[in-house]
Amino acid sequence: MWLAIETSCDETAVALYAPGRGLVGEWLQTQIALHGPHGGVVPDLAAREHLRTLAPLIALGQQAGEGRIDAIAVTRGPGLAACLAIGVAAAKALALAWQVPVWGLNHLRGHLWSPFLTLAADGGFAGAVPDDYLPHLGLIVSGGHTLLAVIDTRRQVHLLSSTRDDAAGEALDKGAKLLGLGYPGGPLIEQRARGGRPAAFDFPRGLPERAELDFSFSGLKTSLRYCLEKMTPEEVRRATPDLCASYQEAVVDALAKKTRAALQTGSFRSLGLSGGVARNGRVREALAAEAGRRKISFLAARPEHTGDNAGMIAFAAAIDPPPRAEAQGMGLKIDPSLSLVDY
Ligand code: KG4
Ligand code: ZN
């Protein structure tokens, strides 16, 4: 059984995973209430909170888990350095105490594989990802990242494109802040957009060239700011559903357009959607339509696996293990490259 730990940003998460059988349990403590009043994640507060909550979550996992932990998987980056260090230090300490190997995982690989975690949990497959889904195009949309990556038929991961400036979630969070809605902005914009008209305001859709696969969201946020500067507070209040629906639609449209262009660059057999913004109903709908247009499978991460979680880290460790490393000192099989860098 694997123990997985995720502390890269504002969720402290632990999971138990039995290779071949699936997730045995997950324990997660979100810090949204802690950071909300500050309008965004405060790294120092986040690190202190991980320090407070990680050990009790691991203890819960230990109580619930049947059998021995054979290996530990931990997110080693990218993320907030002070937060990552807490998870990595805990993983190394437990590995020392239990004399088991510890593997450092790239957080984005966790998100990229998370739609397959859903598929496996739903009985879609056991063991290796079936060939029918490969090559796979994955769209990761979160508060910190917006990127397209490919899992090829040899199950190797390649980055196709990413954002030149803000991430999609960041654009939603900043937009919500300008509208005075609160934090995190994505779900608040989605709520307020219900009943609003998506074509009421014309916001920019990022880089217009069709062949360009990179995303760009900074112009969108600036455009909202200029738009709001021309309105009175009362006009903004009355137009909030329209502003939210139009702003959300610009994000959705930009994601769909670049994904459509990326799908045309290869003979993909499935499209995946993951990351916190993948919880958004319009984003799911639009991306499902893009997969439908190409008549390929659409795999979206389950809502509870869209945001940061340890289940996806355990799954990625099992399905896409980091390169095996030699045993290091003290008879411990600790991956020597277990530093805060990507693999
Ligand atoms: O993956 P995640 O939990 O953390 C990062 O790794 O960044 O993503 C958080 C982001 C935030 O920007 C938040 O506003 C956005 O996901 N988000 C949403 C929704 N729920 C969360 N965006 C749009 N609609 C939602 N329902
Ligand atoms: Zn994430």
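Start by selecting ligand 1 and E190: a nitrogen atom of this ligand is 2.8 Å from an N or O atom in the E190 side chain. Before you click any further, keep in mind that you're looking at a predicted model.

**Stop 1: around ligand 1**

Stay on ligand 1 and add G276. Here the contact comes from the backbone: one of its N or O atoms lies 3.0 Å from an oxygen atom of the ligand. Now add N280, where an N or O atom of the side chain is 3.1 Å from a nitrogen atom of ligand 1. How much of the ligand's own accessible area does the protein cover? On its own, ligand 1 has 550 Å² of accessible area, and the protein covers 87% of that.

Next, show everything around the ligand. You should find 19 residues surrounding ligand 1, and the closest are G143, D173, G186, E190 and G276. You've already met E190 and G276, with their contacts at 2.8 Å and 3.0 Å.

**Stop 2: the zinc ion**

Select ligand 2, the zinc ion. Which residues coordinate it? Show H107, H111 and D308: the two histidines each use their NE2 atom, D308 uses OD, and the distances run from 2.1 to 2.2 Å. Along the chain, the donors follow the spacing H-x3-H-x196-D, so it's worth showing the sequence panel at this point. Now color helix α4, residues 107-121: H107 and H111 both sit in it, 4 residues apart, which means they are separated by about one helical turn. Are these two histidines buried or exposed? Both H107 and H111 are buried.

Turn on angle labels if your viewer has them. The zinc ion has 4 donor atoms, with angles of 91 to 138 degrees among them, and its site is irregular. The reason is the cut-off: four donors count as tetrahedral if all angles lie between 85 and 135 degrees, and the range here goes up to 138 degrees.

**Stop 3: salt bridges**

The structure holds 22 salt bridges. Let's visit a few of them.

Go to helix α8, residues 233-263, and select R238 and E234. They are 4 residues apart in this helix, about one turn. The two form a salt bridge, with their closest N and O atoms 3.4 Å apart. R238 is exposed at 57% relative accessibility, while E234 is partly exposed at 37%.

Move on to helix α9, residues 281-294, and pick E290 and R293. These two are 3 residues apart, again about one turn of the helix. In their salt bridge, the closest N and O atoms are 3.2 Å apart. Color this pair by accessibility: E290 is buried, at 3%, whereas R293 is exposed, at 53%.

For a group of residues, select D166, E170, K174 and K221, which are joined into one network by salt bridges that share partners. One of these bridges links K174 with D166, whose closest N and O atoms are 3.4 Å apart. K174 is partly exposed, with a relative accessible area of 29%, and D166 is buried at 8%.

**Stop 4: two cis peptide bonds**

Switch to the backbone and zoom in on L134 and P135. The peptide bond between them is cis, with omega near 0 degrees. You'll find P135 in the loop between α4 and β6, the strand at 136-141.

Then jump to Y183 and P184. Their peptide bond is cis too, with omega near -10 degrees. P184 lies in the loop between α5 (168-178) and α6 (185-193).

**Stop 5: positive phi angles**

Select Q99, in the loop between α3 (81-98) and β5 (102-106). Its phi is near 55 degrees, a positive value in a residue other than glycine. Q99 is partly exposed, with a relative accessible area of 49%.

R155 is another residue to check: its phi is near 65 degrees, also positive in a residue that isn't glycine. Look for R155 in the loop between β7 (146-151) and β8 (157-162). At 25% relative accessibility, R155 counts as partly exposed.

**Last stop: strand β3**

Finish with Q29, which is found in strand β3, residues 22-30. Add T12 and draw a line between the two C-alpha atoms. How far apart are the C-alpha atoms of Q29 and T12? They are separated by 5.2 Å, with the two residues 17 apart along the chain. Q29 is partly exposed, at 35% relative accessibility.

Key
Residues are numbered from 1 along each chain as its sequence is written. Chains are lettered from A and ligands numbered from 1 in the order in which they are written. This is a predicted model: local features need pLDDT of at least 70, side-chain atom pairs count only at pLDDT 80 or more; totals for chains, interfaces and linings use all residues. Side-chain values use heavy atoms; hydrogens and water are left out. Donors are N, O and S atoms within 2.8 Å of the metal (3.2 Å for Na, K and Ca); water is not among the atoms, so sites may look incomplete. Four donors count as tetrahedral if all angles lie between 85 and 135 degrees; four count as square planar and six as octahedral if opposite donors are over 155 degrees apart and all others between 65 and 115; anything else is irregular. Buried means under 20% relative accessible area, exposed over 50%, partly exposed in between (1.4 Å probe, protein chains only). A salt bridge is a side-chain nitrogen of Lys or Arg within 4 Å of a carboxyl oxygen of Asp or Glu. A residue is near a molecule or strand if one of its heavy atoms lies within 4 Å of it. A polar contact is a pair of N or O atoms within 3.5 Å; within protein, one must be able to donate a hydrogen and the other to accept it, and residues adjacent in sequence count only if both atoms are side-chain atoms. Accessible areas come from the Shrake-Rupley method with a 1.4 Å probe; for residues, only the protein chains shown count as cover.
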